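Me: Please take me through one part of this model, step by step. I would like a close look at a single sheet and the loops that go with it.

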Amino acid sequence: MESFREIDWHNVSPDEIKTLYKAVLHARQDHNLSWHDLFKVAFGGLYIGKGYEDNFRKGKIAAARAGQVFNWLLTNSPAIADQFEDEFFTARSAQIGGDASSINWSELLQSCSLYGRVEVFSYTKAIPSIIAFSNENQVEDATLHLGERFYFRVDCAHSGHLAALQNYRGNWYSFPLSPEQAAIPAKIGTMSAPISIVDQKIEPISEETDTGKHGFLFINMDKDVDIDAFDQHMPVGRIHKNQLDAFSVFLNELPETSISMYRCNLMIRS
């Protein structure tokens with residue numbers, strides 16, 4: 001699968017490796033790992049001598065090794081990996097240049113999206129509807145297996161609508177939140193998704209083939225946002241870079257108090 005947003009680790013600069021270092025430093029502290037242990041895991045047990053961390057900080061390690069460290073980050077701290085990717089591509093876009101009055105997709109994600117307001121829950125046949133929340137088990141580490149059914153709970157700040165996109169391996173795709181339509185009605189507070197518009201029951205989903213990190217972006221809009229205009233601007237299917245950038249301009253022009261964007265990551269294991 002070709003990706004316009006996947007990092008080519010054979011073509012990165014020392015400054016970009018320095019940016020990766022800062023992200024990994026944060027993740028290493030979160031996991032209470034020494035640099036030696038982190039490099040050992042990232043490089044498949046390869047022995048790394050003294051001074052490697054200092055070279056990494058200066059952006060002087062091999063680009064291929066930087067790619068291996070990023071893969072460790074992606075697996076162990078996907079939220080930090082997302083933030084690094086946003087910063088990476090925002091900087092690349094700035095180097096290319098463009099209309100200073102506009103905003104691209106990476107910039108929008110970096111400046112406007114939040115983690116921590118979306119939860120992933122497993123789903124069983126014994127608990128078929130939204131009225132039985134008290135018996136459900138939260139997937140605390142947001143890790144599931146191929147074929148396992150799940151759904152989301154989103155803590156909405158606006159009464160209006162909720163829409164979503166999905167990211168896999170750098171590619172963004174539309175992610176309908178009901179069988180009937182892409183966006184669903186939303187109220188302030190916690191709500192489940194996807195759901196059926198007709199009977200308001202949960203419509204669980206599953207991933208059958210693709211392992212690894214799956215990212216999700218939920219767009220929560222106030223009732224004053226023109227949902228028909230939103231539907232016209234929201235791309236469908238696999239979304240290309242020019243479509244994402246055009247969509248980000250539309251979202252950025254909405255009143256700041258009328259829209260919130262929430263992100264979460266889900267690791268799928270075999």
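**A three-stranded sheet**

Reply: Arg153 stands opposite Ser192 in strand 8. Keep in mind that this is a predicted model. Now find the strands around that pair. Strand 4 covers residues 150–156, and 5 bridges join strand 4 to strand 8. The two run antiparallel.

Next, go to the other partner of strand 4. Strand 2 and strand 4 are also joined by 5 bridges, again antiparallel. Here Val120 has Phe152 of strand 4 as its bridge partner.

Put the pieces together. The strand order is 2-4-8, in an open sheet of 3 strands with antiparallel pairing. Strand 2 (118–122) and strand 8 (189–193) are the edge strands, and each pairs on one side only. On average, neighbouring strands of this sheet are turned by 25 degrees against each other, direction ignored. Strand 2 is mostly covered, with 4 of its 5 residues buried.

Now follow the chain out of strand 8. The peptide bond from Ala193 to Pro194 is cis, with omega near -5 degrees. Pro194 sits in the loop between strand 8 and strand 9 (212–222). Gln200 lies in the loop between strand 8 and strand 9. Gln200 is not a glycine, yet its phi is positive, about 65 degrees. Why note these two spots? Because most residues other than glycine have a negative phi, and most peptide bonds are trans.

How open is Gln200? Its relative accessibility is 37%, so Gln200 counts as partly exposed.

Note on methods. Residues are numbered from 1 along each chain as its sequence is written. This is a predicted model: local features need pLDDT of at least 70, side-chain atom pairs count only at pLDDT 80 or more; totals for chains, interfaces and linings use all residues. Side-chain values use heavy atoms; hydrogens and water are left out. Two strands pair if DSSP finds at least two bridges between them. Axes are lines fitted to C-alpha atoms, for helices over the stretch in contact, and angles run from 0 to 180 degrees between N-to-C directions. Buried means under 20% relative accessible area, exposed over 50%, partly exposed in between (1.4 Å probe, protein chains only).
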